[in-house]
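Reader: I am new to this structure and would like a close look at one part of it, the salt bridges, together with what lies around them. Please go slowly and explain each term as it comes up.

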Amino acid sequence: ADLAATVLTVKTDAYAEDKQDLMWDIATILNAELRELQAAGCKVIQIEEPAIHSSAAYGAPAAVLDFLVDLFNHTVEGLDDCELWIHTCWGNPGAQHCFDPQISYEPSVDIYLNRLKGDVWTIESKENSHSLLPAFAPYKGKLPKKVAVGMISHRRLQVETAEDVAADIRTALEYIDEDRLVLSSDCGFGRQGVPRPIAMYKAAALAQGANIVRGELGAEQTQVRAADPDLQVDVPARQAEPVGA
C-alpha cells in the first residue's frame with residue numbers, strides 16, 4: 001500500500017457522551033508540555049484563546065463561558081514563573097470576512113481581565129478604529145493585567161506612519177495607564193501573504209511611534225535599527241552627493 005496516500009484516523013467512543021471531557025483531557029496534556037517549557041527556562045508563554053470572546057459575542061450561555069474559563073485556567077495551571085500572554089485573535093484576514101465588523105470584545109472584557117489567569121491580554125484594535133478602548137475607562141488605575149493593544153493592522157498592506165502610531169498611543173493612554181499598556185500589531189503577518197519588507201516597515205513604525213510618545217512622557221527612547229537609513233539594504237541609504245559638492 002502507498003503509505004503516503006493513507007490517512008490514519010484514531011477513533012474512540014470514550015468521549016461519545018461528553019466532548020467537554022475530551023477538551024479537559026487535551027488541556028491536561030497541554031499543561032504538562034507547558035510546564036516542561038517553563039522548567040526549561042521559557043520566560044514568556046502565549047496562549048491563543050479565541051473561543052471565549054467569539055462565544056460571548058454571539059451570546060453563549062453562562063455555563064459554556066464558565067467551562068471555557070475553567071478550561072483555560074486548567075491549561076495554564078502552575079505557570080507562575082513566566083509571563084503569560086492571552087492572545088485573542090479574530091482570525092487571519094480571510095477568516096475575518098466571516099465576522100460582522102461590529103463584533104466586539106466588550107461582552108468578554110471582565111472575563112479576560114478578572115477571571116483568566118495571565119499577565120497580558122492582547123486585543124486587535126487598529127482595524128476597528130480602537131472602538132473598544134473606552135471599555136477600559138472603568139479600570140483606569142486598577143487594571144489587573146497589562147493590555148497589549150494592536151496599533152498596526154495585519155489586514156492592510158499600507159504601512160502606518162510613526163505619527164499615526166503615536167496618535168493612536170495617545171488615544172490608548174486616555175484609558176490605559178502607561179505602565180499597563182503594551183504596543184502590538186493586531187495579529188501576525190505570516191499567514192496571508194504580507195511581504196516581509198512591509199511587515200518589517202510596520203514593525204519599525206510601531207517602534208518609532210513608541211519613541212515619539214516616550215519622548216513626550218520624558219521616558220527613555222530606544223534605537224530603531226530597522227529605520228536607520230545606513231542599515232537599509234533595499235533602498236538607497238543616502239542620496240548621492242551633488243556633482244561638484
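Author: A good place to begin is Arg115, which has a relative accessibility of 33% and therefore counts as partly exposed; here buried means under 20% relative accessible area, exposed over 50%, and partly exposed in between, with a 1.4 Å probe and protein chains only. The model is a predicted one, in which local features need pLDDT of at least 70 and side-chain atom pairs count only at pLDDT 80 or more, while totals for chains, interfaces and linings use all residues. Residues are numbered from 1 along each chain as its sequence is written, and side-chain values rest on heavy atoms, with hydrogens and water left out.

Side chains of opposite charge can pair when their charged atoms come close. The structure holds 6 salt bridges, a salt bridge being a side-chain nitrogen of Lys or Arg within 4 Å of a carboxyl oxygen of Asp or Glu. One of them joins Asp66 to Arg115, with 2.9 Å between the closest N and O atoms. Asp66 belongs to helix α3 and Arg115 to helix α5 (residues 109-115), so this pair ties together parts that are 49 residues apart in sequence; helices (H or I, at least four residues) and strands (E, at least two) are DSSP runs, numbered from the N terminus. Asp66, with a relative accessible area of 33%, is partly exposed.

Another salt bridge is formed by Lys117 and Asp80, whose closest N and O atoms are 2.7 Å apart. Because Lys117 sits in the loop between α5 and β3 (120-123) and Asp80 in the loop between α3 and β2 (83-87), the pair ties together parts 37 residues apart in sequence. Lys117 is partly exposed, at a relative accessible area of 31%, whereas Asp80, at 56% relative accessibility, counts as exposed.

A further pair is Glu127 with Arg156, where the closest N and O atoms are 3.1 Å apart. Here too distant parts of the chain are linked, since Glu127 is in the loop between β3 and β4 (146-152) and Arg156 in the loop between β4 and α6 (162-173), 29 residues apart. Both are partly exposed, Glu127 at 23% relative accessibility and Arg156 with a relative accessible area of 47%.

Arg156 also leads on to Lys202, a residue of helix α7 (residues 196-217). The backbone oxygen of Arg156 lies 3.0 Å from a polar atom of the Lys202 side chain, and a polar contact is a pair of N or O atoms within 3.5 Å, where within protein one must be able to donate a hydrogen and the other to accept it, and where residues adjacent in sequence count only if both atoms are side-chain atoms. Lys202 is buried, with a relative accessible area of 0%. Leaving aside neighbours within four places in sequence, the residues in contact with Lys202 (heavy atoms within 4.5 Å) are Ile152, Ser153, Arg156, Leu157, Gln158, Val159, Glu160 and Phe189.

Returning to α3, the helix that holds Asp66, one finds that α3 (62-75) and β1 (44-48) are among what covers the buried residues of α1. Those buried residues are Ala27, Asn31, Leu34 and Gln38. Seen down the axis of α1, they fall within an arc of 75°, so they line one face of the helix, the arc being that of the directions from the helix axis to the C-beta atoms. The face turned away from this buried side carries the exposed residues Ile29, Glu36 and Ala39.
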